[in-house]
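This briefing covers a ligand site and one helix. Please view the sequence and structure below before reading on.

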Amino acid sequence: MPSNIGNPEERRRSFSWSDARKELGFPEDSHNIGWYCSDRICDLGMGEKTALVWETADGRVARFTFNDLRVYSNAYAKHLSGLGLRPGDRVAVFLERVPELYIGMLGGMKAGLIMQPLFSAFGEDALEKRISNAETSAILTCRKLTFRVRKIRERCPSLRHVIVCDPGDLSFQEGEAAFGLETAKPVESFACYPAEPETPSILHYTSGTTGMPKGALHVHGSLPAQALTSKWVLDIKDEDIYWCTADPGWVTGTSYGIIGPWALGATQYVLEAGFIIDRWYRAIQDQKITVWYSAPTAIRMLMKEGEAKAKQYDLSSLRHLCSVGEPLNPEAVVWSERVYGLPFHDTWWQTETGCIQVTNVPGMEIRPGSMGKAFPGVTAAVLAHDFTEICEPNKQGLLALKPPWPSMFRTYWRNPSAYESKFKNGWYLTGDRARIDEDGFYWFMGRDDDVINTAGHLVGPFEIESALLEHEAVAESAAIGKPDPVNMEVVKAFVALKAGFEPSRKLEMSIMNFIRKKLSPLAMPQEIEFVEKLPKTRSGKIMRRVLRAQELGQEVGDLSTLDDN
Ligand code: WT7
């Protein structure tokens, strides 16, 4: 079967982003993402096609057609507008992977609201920081998570509406009300907000080295880039059953778990449950998944379980595999080729880029361990520290992209200076280091900052350190990423205790649990080392790089700024 992209080299030579809408057959005068993902597909005569195959945590399967997406996203749009929410208001989505999440996101965008996806695993601090920063007006949630939302209501005065999709016998407090698919009435027509390409659509919070997580603001005009990369990189075709394993709390789960595939009219499978090897393989077998977009940590866990496990299932429906979020080790590519008969195609991108930028597309040679080449229309480079391009092959530098492209973030919410600091000398700086080989393949070398990547999720050390300081025993702390064979990195915290506290296993557990509840299980340190004091610069900044080097048994490097008193 020929791939959608055709000849990648030819595309790279001749394609530019201004051709994207034409390439996709998108009308020039409509931009609302919610409309593209539902109404337009119905207008094309595919209203009865399955849009969503949803498998519940306890193994039941429900199907939604594109017409269902259309009338129920209309219902959400109407309901949210009826509450007095206006275009540009922020609406958080704090849900597990239930249909209300997916359909609610489309409905909110139809009404011109800015949708703010939040991981259901977020603890109260993580939730509060993001909601206060965005001055979010409403939150879509479920009964179970309502109790966590209640804990932050007082500290988040902007949050006027808590919309619970499955209230059961919950007795509502002020501002809480029910709305969900069990009871919503289909709405035949809703006049979508006439979004322009620059109309904000989604606000995704992401971690940096310094300060609290920043909200990367995306716009409706991102769609052609998300749809075209879904078509050319994920190679999604009409008859595919596509599975993106990412949660929409993460940008992969929105760009490629909602927007891109549905704008192409693709059937998507969603598994409410998390990673359980047998359930994953059974899903591929029973649902006849053809295109699978996953992440290196999951692949490494599948590898650990071994070939024999894979052979217990009929995985022959699989046709195309892609991966994102962390370096895809060469062994994983070789293993998947041997066991599934198909290599994983690495894709590199970020919350800020909104769509895949550097990648292996169908039909090109895969060099295991390499991220591939720049997507057609993308100009990437590695830069020296003076932000000029390094032209010599294989020399490591800062991975940078030439703006603009349709799906790039437009700002960090209420933090324009952080946004501007990402641009130098006409380039967008990604914060990653890479090299380009003599044939133009990109190789990921590491991050250029202190951000921790655990199982593909970025966690900011500053957010962890701030939360640690709230523990009664902690005087000072530093968080680093410690290499881990499965998760790539796990969080390790160095902690200096306040007077009167002694290191103990019990205290270690107490601190770990404190972070798990406040932030999330991913941010929880897997290891805590009690220290007398932390290495700091003379200006008092913790030198995480010293701790990291000590941890890895590496040269510590230049210590001239270290305060050794
Ligand atoms: C950071 C972005 C894009 C959705 C997922 C994460 C790392 C991402 C790869 C890859 C090596 C990768 C980078 C990047 N990363 N993909 N294929 N190989 N590293 O979005 O949370 O904004 O994280 O994840 O460090 O900058 P994000």
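Which atom of the ligand lies 2.8 Å from a polar side-chain atom of Asp432? The partner of this Asp432 side-chain atom is an oxygen atom of the ligand. The model is predicted, with local features requiring pLDDT of at least 70 and side-chain atom pairs pLDDT 80 or more, while totals for chains, interfaces and linings use all residues. Residues are numbered from 1 along each chain as its sequence is written, and side-chain values use heavy atoms, without hydrogens and water.

**Ligand site**
- Among the 20 residues around the ligand (a heavy atom within 4 Å), those that come nearest are Asp346, Thr347, Gln350, Thr351 and Asp432.
- A polar backbone atom of Thr347 is 2.8 Å from a nitrogen atom of the ligand, and a polar side-chain atom of Thr351 is 2.6 Å from a ligand oxygen atom.
- The protein buries 99% of the 560 Å² that the ligand exposes when taken alone (Shrake-Rupley method, 1.4 Å probe).
- Strand S14 (344–348) gives the most to the shell, three residues; helix H10 (251–263) and strand S22 (442–447) each supply at least two.

**Helix H17**
- The end C-alpha atoms of H17 (residues 505–518) are 20 Å apart, which agrees with the span expected for 14 residues at 1.5 Å a residue (1.5 Å times one less than the number of residues).
- Leu507, Glu508, Ile511, Met512, Ile515 and Lys518 are buried (under 20% relative accessible area, 1.4 Å probe, protein chains only).
- The buried residues of H17 fall within an arc of 140° seen down its axis, so they line one face (directions from the axis to the C-beta atoms).
- The face turned away from the buried side carries Arg505, Lys506 and Lys517, which are exposed (over 50%).

How values were computed:
Helices (H or I, at least four residues) and strands (E, at least two) are DSSP runs, numbered from the N terminus. A polar contact is a pair of N or O atoms within 3.5 Å; within protein, one must be able to donate a hydrogen and the other to accept it, and residues adjacent in sequence count only if both atoms are side-chain atoms.
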